[in-house]
Amino acid sequence: MNTKYYDLINQTFYFPQEEFTLNKDNLQFHNIDLMKLVEQYGTPLKFTYLPAISNNINKAKGWFRKAMEKNGYEGKYYYCYCTKSSHFKFIMNEAFKNNIHIETSSAYDINIVEKLMEEGKINKNTYVVCNGFKRDEYVSNIARLMNNGHNKTIPVIDNYEELDLLQEQIKGKFKIGIRIAAEEEPKFEFYTSRLGIGYKDIVPFYRKQIQENKQVELKMLHFFINTGIRDTAYYWNELLKCMKVYIALKRECPTLDSLNIGGGFPIKNSLAFEYDYQYMIDEILNQIKIACDEAEVDVPHIFTEFGSFTVGESGGAIYQVLYQKKQNDRENWNMIDSSFITTLPDTWAINKRFVMLAVNRWNDTYERVLLGGMTCDSDDYYNSEQHMNAVYLPKYNKEKPLYIGFFNTGAYQETIGGFGGLHHCLIPQPKHILIDRDENGILATEVFSEQQSSEDVLKILGYDKK
């Protein structure tokens, strides 16, 4: 009878997979021996595998290149990194090895852009697409960047007032984009996105504030769907509506030459994950080309703003199961040495699921469990995965430590969890390490941040002020 944890995974999924393999009964991630990391650095442990970032960027560039060749698409493609997914310098340094562009969403992003320019990571040929709701400091920072000669900065207009605010501070002529306020899926709590300008209002806005405005050049139409780029009737319908607006604008505005299709590429959240990226890109470009050919207008250059897709699959977290609580005849709670609320906040806030696997003891028998965090909050748990009704792990044995890993956690978790700050029940922030490979494929690790100490926390709380 197949009762080992390995048997369970092997009979449920295709295993091994590209990034997940076994070394005896220990899990490897991109050929990294995770138990060696545990032995060297302890748990709880956060890590970032930097080569995964460049790998995904170049995959996407290749998919778009193939799709443009296949469809005879004459526009260019620009890959932008969406900074809000992770602002860390080590992320930016890796991402900008790949000749990409940048998308910002708030005022301090511009300070990061200026730092990257000072260090030569980006230059004046790098597009800076400025999204988000803009007031005071954000407007001032955008203006400073443009007034200092960065002509490839494109503020994307989110509301009617922003254009006036930008014009007050930007010297000379500048380029802009306009964001479409897409209609949300029927199941959403609201009908239209709070971001951008409605479909029917964009052409009148252009005529009123841009058409005769000699200081402004409209370059880009921005289109983003909250649910992401998915093969659904809803997505294709919204893309078609977007193209109608683009064509109407293009007929009146010769300078409009770019369509930003935003982000929203999904990332792997289960060993059963399937998504045909090449097909989706082929079909998006095909639909855009058909619409433009029928209307006899030039196809636009394509911009994307991939955030989670860029960094998500580079991140992971490893915890130790400290103890098992048997609360009744059916429920076994495996208590981890950290908190889901503070270290993987999306599991708590939006019920997001990540790839979760045992790190060791794959040849042991398994059991059904619930996973609990260390806070005293009843919501600090992880009890299911998208591909199962329950979590199964090797059986708890206090004499044989069990470690578990959550993978593809690299987007949003550190910033939403409040990196370097206070956490619920004062659970300390875990140690974070960076993993890289040199040109010969030799693995190297370094500590980015140590686990928070009591002194760190007391200082934030004001107990250490002198």
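**A walk through the model**

N71 is buried, with a relative accessible area of 16%. The cut-off for that label is under 20%. This structure is a predicted model. N71 belongs to helix α3, which covers residues 51–71. What does N71 touch, apart from its neighbours within four places in sequence? Its contacts are D282, L285, N286 and K289. Helix α10 spans residues 277–295.

That helix has another partner. Helices α9 and α10 pack at an angle of about 40°. Their axes are 10 Å apart. The crossing is right-handed. From α9, the contact uses Y235, W236, L239, M243, Y246, I247 and R251. From α10, it uses M280, E283, I284, Q287, I288, A291, C292 and A295. Sorted by class, this contact has twelve nonpolar residues, one polar residue and two charged residues.

Now follow α9 to helix α8. Helix α8 runs over residues 199–209, and α9 over residues 233–252. Their axes come within 10 Å and cross at roughly 15°. Angles under 35 degrees count as roughly parallel. The two helices α8 and α9 are therefore roughly parallel to each other. Here too there is a handedness to note: α8 passes α9 in a right-handed crossing. On the α8 side, the contact is made by Y199, I202, V203, Y206 and R207. On the α9 side, it is made by E238, K241, C242, V245, A248, L249 and E252. The classes are eight nonpolar, no polar and four charged residues.

Two of those α9 residues also pair with each other. The side chains of E238 and K241 form a salt bridge, at 2.8 Å from N to O. Both residues sit in α9. They are three residues apart, about one turn of the helix. Is E238 buried or exposed? Its relative accessibility is 3%, so E238 counts as buried.

How many salt bridges does the structure hold? There are 17. One of them joins K46 and E414, whose closest N and O atoms are 2.4 Å apart. K46 lies in strand β4 (residues 45–49) and E414 in helix α14 (residues 413–416), so this pair ties together parts that are 368 residues apart in sequence. K46 is buried, with a relative accessible area of 4%. E414 is buried as well, at 13%.

Another salt bridge links R144 with E114. Its closest N and O atoms are 2.8 Å apart. This pair also connects distant parts of the chain. R144 is in helix α6 (residues 136–147), while E114 is in helix α5 (residues 107–118). They are 30 residues apart. R144 counts as partly exposed, at 31% relative accessibility. E114 counts as buried, at 19%. Elsewhere, R361, D364 and K400 are linked in a network of salt bridges.

Go next to helix α1, at residues 5–12, which contains L8. L8 is buried, with a relative accessible area of 10%. Which residue lies 357 residues from L8 along the chain, with its C-alpha atom 9.3 Å from that of L8? That residue is T365. Beyond its neighbours within four places in sequence, L8 is in contact with Y366 and Y392.

The loops have details of their own. After α1 comes a loop that leads to β1 (20–23), and P16 is found there. The peptide bond from F15 to P16 is cis, with omega near 5°. A cis peptide bond also joins T43 and P44, and here omega is about 0°. P44 is in the loop between α2 (34–41) and β4. That strand, β4, is the one that holds K46.

Finally, look at two phi angles. N99 has a phi near 55°, a positive value in a residue other than glycine. N99 lies in the loop between α4 (89–95) and β6 (101–104). Is N99 buried or exposed? N99 is exposed, with a relative accessible area of 64%. C425 has a positive phi too, near 60°. C425 is placed in the loop between α14 and β21 (431–437). Its relative accessible area is 35%, so C425 is partly exposed. Helix α14 is also where E414 lies, the partner of K46.

Notes
Residues are numbered from 1 along each chain as its sequence is written. This is a predicted model: local features need pLDDT of at least 70, side-chain atom pairs count only at pLDDT 80 or more; totals for chains, interfaces and linings use all residues. Side-chain values use heavy atoms; hydrogens and water are left out. Axes are lines fitted to C-alpha atoms, for helices over the stretch in contact, and angles run from 0 to 180 degrees between N-to-C directions. Helices (H or I, at least four residues) and strands (E, at least two) are DSSP runs, numbered from the N terminus. Angles under 35 degrees count as roughly parallel, over 145 as roughly antiparallel, 65 to 115 as roughly perpendicular and the rest as oblique. A crossing is left-handed if the near helix is turned anticlockwise from the far one by less than a right angle, and right-handed if clockwise. Contact means heavy atoms within 4.5 Å. Ala, Val, Leu, Ile, Met, Phe, Trp, Tyr, Cys and Pro count as nonpolar, Asp, Glu, Lys and Arg as charged, and the others, Gly among them, as polar. Buried means under 20% relative accessible area, exposed over 50%, partly exposed in between (1.4 Å probe, protein chains only). A salt bridge is a side-chain nitrogen of Lys or Arg within 4 Å of a carboxyl oxygen of Asp or Glu.
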